[in-house]
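I opened my notebook to look up two things here: the protein surface beside the DNA, and the cysteines. My entries follow the picture.

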Amino acid sequence: MTNTNTKTKTKTEATPAKTANGPSRSKGGSDQVVSIPKRHEEERKRLPIYSARDAILAGIKKHPSVIIVGETGSGKTTQIPQYILEAGWAQYGAIAVTQPRRVAATSLARRVAEEAGTKLGQRVGYTVRFDDTSSPHTKLKYLTDGMLMREILSDPLLHRYNYVLLDEAHERTLRTDILFGMLKDIQSKRHQLKPNGSATTTPRIVDELKIIVMSATLDAERFAKYFNNAEILYVEGRQFPVRVFNTLEPQPDYLDSALVTALQIHTEQGPGDVLVFLTGQEEIENLEKLLLEQRQRLPAEAQDLLVCPLFAALPPAQQALVFTPAPPRTRKIILATNIAETSITLPGIRYVIDTGVHKSRGYSSKIGIESLLVAPISKSSARQRTGRAGREALGYCYRLYTEDGFAQLEEDSEPEILRCNLAAAILQLKAAGVNDVLDFDYMDRPPKLALLRALEQLYALNALDDTGRLSKLGKWMAEFPLDPCFAKVLFESQAHQCTHEVIDIIALLSVDTLFMMPFHKREEAAEARQKFTSLDGDHITFLNLQKAYQSVKGDSQWCSDHFVNHRGMHHVQEVRKQLRQVCERVKVNPNVSCGHDFDRVLQCFTTGFFHQTALLQPDGTYRSVIGSQYVRIHPSSTLFGKRHEAILYNELVFTTRLYVRGVSAIQANWIPEASPRYFRQGQLTAKAALPSVKGP
DNA sequence: AAGTGTACA
C-alpha cells in the first residue's frame, strides 16, 4: 500500500465490483504504485496538516460529508486528496477537487502530480475550459467548479467520482453554491441506489459519494448543518502573525490616508513591500500619480520606491512586474484591486494598507439592473487582506478605519447567488433535472422575486414551456457555454442565416476590454480604433476587428500597434472554436454567412436582447424599454453621443450613472417582433414603456 | 460629452 512510516489504514472501504461504465484500471506501469516519492516525502510530512492525516481519513471514512476548516498554507488542497489516494480509496471511483479559478486548478494539479511522482494527465490531472489533461487513468482531478457543473449535465449522478472536494467554499461563488445543492442531491440519490441501502430499485451498483467541503473561515457550522450535520475538522495554517493598526478617527478621504500611510511606511519602516487595496483602475492610477510626485521629494540618500499597479484589465506584461523583485535599495508599493485578495498571491509583502472598501456587483431583480458600486468590505475580507502581509514573515496591516468601524462590518460578504441575475444558473439546474427550482435546497435561498424573474426571462426566450418545464429549445440552449440570451441569439441565427457572424460576435462579447485605453495614450488608441468602427454600433465594430485580426493571423505586434487586447483576442478565438464545435455537434452549420447584410445580424441579436433595448426620446436621451429608465451610452461605445431611434445593449450597469455598454442601433419595430410571447403577455411594464411601438 | 471589482462554462 503506502511506503510511509506512519500507521495508515491500509484497509480499503468495502468496494463493490467494478461497474460497467466505471473507469478501467491501468495495467502495469509504475503509475499504479501508490507511494510518496522520496524527494517530497519529508517536505509533505512537515506540512501542518500532516499530523491530522489519520483523523481526517477517519472522519472521511465515517461520515458522508466532512467540513475541513484550514487557512492558507495548511496544505489541505494538495494533501487531503493524496491521503485518500494513498489509502487506496480511489481504486474504482475517482476524486474531484473543484476550484473557483482556472489558474488554481491547473497549478495545483501540476504540483500534486509532481509530489505524487506521476506525469500530469496520468494518475493526477486537471480539466478547465479549453484545456483538459485528464485521461481514463486519472484518479485525482482538479477542475473548475463550472467544469464540474457541466460534467453533471452529461453524468447526472457523477458516477466516475467517489469523492468530491469543494475548495474555497467560503468564497460562496454562484457556481459553488449551485454545486452544493446539486451534490447534496446526488449524494442522497446514490445512497438510495446503494446495494445495501433501503431502496434497491436498480440493478446498477453505485458507490456512495463523499462530499468534502474546504473553507478558510471559521464559520463552519452553517456548512455542517446544511450538509446533514457533517463532521467539522480543523487544520492549522502556516501563517506568520500580523500586527494590525486601526486609525483613531474615521478617515474622510481614504485615498489621501493611503498616500500618507504608504509614504510613512516607506520612510520609517524596515524592508518589505507594501500592498494597498483600492477599489478600481481610476483610483489606482490617481494614487500612482500622487506617489510618483512624492517620490521626487524623497531625500537623495533615501531608498527608492517603485509603484506597481495591479488590476485584471492591466496588460499581462505590466501585471508580471509585481512578481519581479524590486531593484536593490528599492521598495515596491503595489496598488491593487481585490484581485490581490484571492486571485493573485504576491511574494514579499510585509505591509498591507486596507482602505476597507471594494467595488461590489449588485443586482436588483425588481428593476433588473446590475450595479457596480464602492461598498465596505466584510470582516472576513478584512482578515484575508491582513493575512496577505504574513505569508513569509511577520507583517503589519494598517486599516484605514477605526476599530469601531471594523466592528460594524458584516461578518461575511453576501453570497453571490443573492445578488446576481439567476437566469443562467436556473437554466443549468433545469438541464440537470432539477425542475422545481423554487424548492431547490439552496444553502442561501435567493429571494423569490429573483427566481421568478429568472423563470420569466427563460420563458420569454422560449426556453421553458407553459408549465415551466425546459422546452426542446431550452435543452438545446443548455448545451452551449453561454448566457441564455446569447444561446437564443445563436439559435435564431439559423433562421436569419448569419450563424457565422453571430458566433464571432458572441465570442467577441465574451471579453470585457477588446480595445485598450492606456492612461497616457488615449487619443492614439481612439484613433487606431476608428479603423474598425461601424456606424451600426459595437457589435459590427467588433466583427470588423475579428476580420482584421484574422487577416493578420493574430499578429501580436499588429495588436499592440492598434491598441487591441492580444490576450483577449486569443480568448475570443478559443470561444469561437468551441462554439463552432458545439454547433457541429448539434447539427448546426457554423459557416452560414449573411455577407454584409448586418441588419439580419442585429435583428437576430434583438431576439435574445429585446429586454435590453432603449428608445430615443424627443429630448435626445434614451429610455429603456423595460423599467423606463433613463440610460446613457457608455463612453467606451462607438455609439457614444450618437442618436438612433432604438438601441440594443449587451449590458446595463449602474456605476456613477446608469450606463449601457456593447450598444448597436436597431429599428424600433424589431423589438416587439423579437418576442411575441413576451410583449403579448405584457407581464412586465414593457408595453407601457413602448408608446411608439405597436405590439402584435 | 466622459469611464469597467473578480471569476467561470
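Before counting, I fixed my term: a residue is near a strand if one of its heavy atoms lies within 4 Å of it. I also kept in mind that this is a predicted model.

**Entry 1: the DNA surface.** I found 35 residues around DNA strand B, and Arg102, Ala312, Lys359, Thr655 and Arg661 come nearest. On the DNA side, sugar and phosphate make up 61% of the strand B atoms that come within 4 Å of the protein. I sorted the residues of this surface by type and got 12 nonpolar, 12 polar and 11 charged.

**Entry 2: polar contacts.** I looked up three arginines next. Arg102 places a backbone N or O atom 2.5 Å from a phosphate oxygen of DNA strand B. Arg657 uses an N or O atom of its side chain, 3.0 Å from a phosphate oxygen of the strand. For Arg175, I noted a polar side-chain atom 3.1 Å from a base nitrogen of DNA strand B.

Which elements give two or more residues to the surface near DNA strand B? I listed helix 5 (145-154), strand 14 (357-364) and strand 21 (658-666). Helix 5 gives the most, with three residues.

**Entry 3: cysteines.** How many disulfides does the structure hold? I counted zero. For Cys308, the nearest cysteine sulfur belongs to Cys397 and is 19 Å away. Cys308 is buried, at a relative accessible area of 1%. Cys594 has the sulfur of Cys498 as its nearest, at 5.0 Å, while a disulfide needs the two sulfurs within 2.5 Å. Cys594 is buried too, with a relative accessible area of 9%.

Definitions and conventions:
Residues are numbered from 1 along each chain as its sequence is written. Chains are lettered from A and ligands numbered from 1 in the order in which they are written. This is a predicted model: local features need pLDDT of at least 70, side-chain atom pairs count only at pLDDT 80 or more; totals for chains, interfaces and linings use all residues. Side-chain values use heavy atoms; hydrogens and water are left out. A polar contact is a pair of N or O atoms within 3.5 Å; within protein, one must be able to donate a hydrogen and the other to accept it, and residues adjacent in sequence count only if both atoms are side-chain atoms. Helices (H or I, at least four residues) and strands (E, at least two) are DSSP runs, numbered from the N terminus. Ala, Val, Leu, Ile, Met, Phe, Trp, Tyr, Cys and Pro count as nonpolar, Asp, Glu, Lys and Arg as charged, and the others, Gly among them, as polar. Buried means under 20% relative accessible area, exposed over 50%, partly exposed in between (1.4 Å probe, protein chains only).
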